[in-house]
Structures are given as C-alpha cells and as structure tokens.
Amino acid sequence: MLTFAVRILLVIPARIGSTRLPEKPLCRLAGEPLIRHTARQALGYPIEGEVLVATDDERILDAVAPLGVRAVMTDASHASGTERVAEVVRRPEFSDAEIIVNLQGDEPFLPASAVEAAVRMVSLGASLVTVAHRMDDTASSDPNRVKVLVDAEGRASWFWRNAEAAPVIPSGCRVFQHVGLYAYTKEALLHWVGCPPTTEELRDGLEQLRPLAHGRVMRAVVTDFPMPPAIDTEEDLRRLESHLMANSG
C-alpha cells in the first residue's frame with residue numbers, strides 16, 4: 001500500500017448523459033454495470049486514499065452501492081468530468097484533500113501502476129499529470145481515440161482526435177494515445193475549472209486543452225503497460241467483452 005503524507009481523493013465522475021453511448025455508466029459489461037467495474041478496480045488500487053463516485057443520477061448510486069463505495073450526487077449541468085470533480089473538492093468534507101485523481105468511468109481496467117505513477121509525480125512536485133501510452137495503427141486513425149503530443153521534457157503539449165487537427169510534430173516529441181486519467185493538486189484543479197473554455201476545447205470536445213491554453217504545465221506519465229480499451233461505443237463494449245474472455249483464465 002502506497003502511503004503519502006497528504007489526503008488523496010480518487011474520484012470517478014460518472015454522468016448519465018453520454019452522447020456517443022447513451023447511459024454509458026449503466027451499460028452492462030460481463031453482466032454488471034460498467035461503473036461498478038470501474039469502482040471495484042479503484043477500490044483495489046494500492047494507494048491510501050478514498051474512492052468516491054460523483055454522479056448526476058441516482059441509478060448510478062444504486063449501481064455502486066453493493067460495493068460499499070461512497071457516492072455523491074452532483075450538479076447535472078457540469079460540462080466535464082473535471083468540473084464534477086471540482087464540485088466534490090469544494091465541499092467542506094473534502095476540502096482538505098491535496099492530491100485529487102480523476103478516474104474515468106469508462107476506463108474500467110486501468111492498471112494500478114499508471115495511477116501510482118501519476119500520484120507519485122504529483123507528490124514530487126508536479127501540479128497536473130495525465131497518462132499516455134503507445135498507440136497502434138488502428139488508434140492513430142480513430143477519432144474516438146484521443147492523441148497526445150509529449151515533448152522531450154515529458155510534458156503533454158497538445159491533444160487532438162482527427163488528423164486535420166494534428167499539430168506539426170517538433171523534433172524530440174512523440175505521439176501517444178491519451179489515457180483520460182488526471183492527477184492534480186487542489187490548486188491546479190480549481191485553476192483549471194476557473195479558466196474560461198477555449199475555442200479548441202469546445203470544437204473538439206477535449207477539456208484537457210483548457211489548462212494548456214491558460215499556461216499550465218501538464219506532465220505525462222508514459223506507460224508501456226498493457227492497456228485495455230476505453231469505452232466510447234457499442235463496438236468498444238464488445239471489444240472489451242472479448243478482452244475479458246481472453247484474460248479470464
């Protein structure tokens with residue numbers, strides 16, 4: 001168990017109104033709601049912190065109740081998971097949290113090593129961290145897979161979905177697939193949500209462009225861990241079912 005000298009919150013924002021996959025947190029995967037898989041995985045991370053589901057729908061509260069995980073209702077109007085996490089951190093009972101981890105509800109099998117690396121990087125002085133991993137040819141042409149440009153200093157310097165939005169790749173930089181995990185200090189999180197959205201963020205639906213546009217440095221944990229797919233479509237659900245079957249024994 002990793003122990004840090006500060007309070008850590010691992011928050012899973014889960015909104016019901018997904019556009020690409022309706023009611024995504026409640027979609028069934030191996031007979032259980034997707035959000036239950038994600039919460040169970042988070043409870044098993046060897047990090048001394050509190051796991052919390054933040055949602056806008058009571059059905060999601062009911063879905064995670066059998067796990068005994070704490071869940072709270074949040075405002076349905078939030079435009080992003082980061083805004084939902086920030087609402088939680090502003091509440092008095094969580095206001096002393098110093099490291100906050102935003103665990104995506106559609107990444108149900110994110111390896112513990114990726115989460116550990118992000119938390120450790122914040123504990124060592126970074127204010128904002130995300131995760132990237134190697135990308136195959138299929139992901140590079142799939143607009144559902146977000147790409148991240150990582151520079152020679154290990155900073156995430158741009159994100160995009162479609163090839164037409166891709167930047168020129170400077171020497172020393174590499175392109176990876178983005179894993180939607182964020183670890184932040186409380187100050188960095190509240191700065192993020194306090195800044196106005198940018199044109200690129202709104203155009204591409206990529207909230208992580210906002211802090212970059214407003215001068216924040218985002219560090220990237222680059223992983224080589226096997227990474228099961230995130231879930232954005234029905235096809236992703238079927239692919240993950242196959243992944244589970246292939247790795248069940």
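1. A residue is called buried when its relative accessible area is under 20%. With that cut-off in hand, here are some notes on this predicted model. Thr-130 has a relative accessibility of 1%, so Thr-130 counts as buried.

2. Let's stay with Thr-130 for a moment. Thr-130 sits in strand β7, which covers residues 128-133. Where does the side chain of Thr-130 reach? The backbone oxygen of Leu-181 is the partner, at 2.8 Å. Leu-181 also appears in the contact list of Thr-130, which leaves out residues up to four places away in sequence. Other entries in that list are Ala-156, Phe-159, His-178, Val-179, Tyr-182, Met-218, Arg-219, Ala-220 and Val-221.

3. Ile-100 is another residue worth a click. Ile-100 belongs to strand β6 (residues 99-102), and its relative accessible area is 0%, so Ile-100 is buried. Beyond its neighbours within four places in sequence, Ile-100 contacts Leu-9, Val-11, Val-85 and Val-89, and also Tyr-182, Ala-183, Tyr-184, Thr-185, Lys-186 and Leu-189. Tyr-182 is thus a contact of Ile-100 and is touched by Thr-130 as well. If you want a distance to check, the C-alpha atoms of Ile-100 and Thr-138 are 32 Å apart, with their positions 38 residues apart in sequence.

4. Now to a charged pair. Arg-145 is in the loop that runs between α5 (137-140) and β8 (147-150). Is Arg-145 buried or exposed? Its relative accessible area is 8%, so Arg-145 is buried. The side chain of Arg-145 makes a polar contact of 2.6 Å with the side chain of Asp-236.

5. Helix α1 (residues 34-43) deserves a look as a whole, as 7 of its 10 residues are buried. Which residues of α1 are they? They are Leu-34, Ile-35, Arg-36, His-37, Thr-38, Ala-39 and Ala-42. A general reminder helps when viewing them: an α-helix has 3.6 residues a turn, so residues three or four places apart point the same way. The buried residues of α1 pack against the strands β1 (8-14), β2 (28-29), β3 (32-33) and β4 (50-55), and against helix α2 (58-64).

6. Two of those α1 residues return in the next point, on empty space: Thr-38 and Ala-42 are buried in α1 and also help line the largest cavity. How many cavities of 30 Å³ or more does a search of the whole structure find? The search gives 1, and the largest cavity holds about 40 Å³ of space. Its lining also includes Gln-41, Tyr-45, Leu-103, Gln-104, Glu-107, Pro-108 and Leu-110. By class, the lining has 5 nonpolar residues, 3 polar and 1 charged.

7. Tyr-45, one of the lining residues, leads on to Ala-112. Apart from neighbours within four places in sequence, Ala-112 is in contact with Tyr-45 and Pro-46. Ala-112 is placed in helix α4 (residues 112-123). With a relative accessible area of 22%, Ala-112 is partly exposed. From Ala-112 to Ile-60 is 23 Å between C-alpha atoms, the two being 52 residues apart along the chain.

8. Last, the cysteines, in case you are setting up bonding. How many disulfides does a search of the whole structure find? The count is 0. Cys-173 has a relative accessible area of 17%, so Cys-173 is buried. Cys-195, at 11% relative accessibility, counts as buried too.

Terms used:
Residues numbered from 1 in each chain as written. Predicted model: local features only at pLDDT ≥ 70, side-chain atom pairs only at ≥ 80, totals over all residues. Heavy atoms only, no water. 1 Å grid on protein atoms, 1.4 Å probe; cavity = no way out; pocket = protein on both sides within 12 Å on 5 of 7 lines; lining within 4 Å. Points joined across faces, edges and corners; volume = space filled by probe spheres on them. Nonpolar A, V, L, I, M, F, W, Y, C, P; charged D, E, K, R; others polar. Helix = DSSP H or I, 4+ residues; strand = E, 2+ residues; numbered from the N terminus. Buried < 20%, exposed > 50% of the residue type's maximum accessible area, 1.4 Å probe, protein only. Contact = heavy atoms within 4.5 Å. Polar contact = N/O pair within 3.5 Å; in protein donor to acceptor, adjacent residues only side chain to side chain. Disulfide = S-S within 2.5 Å.
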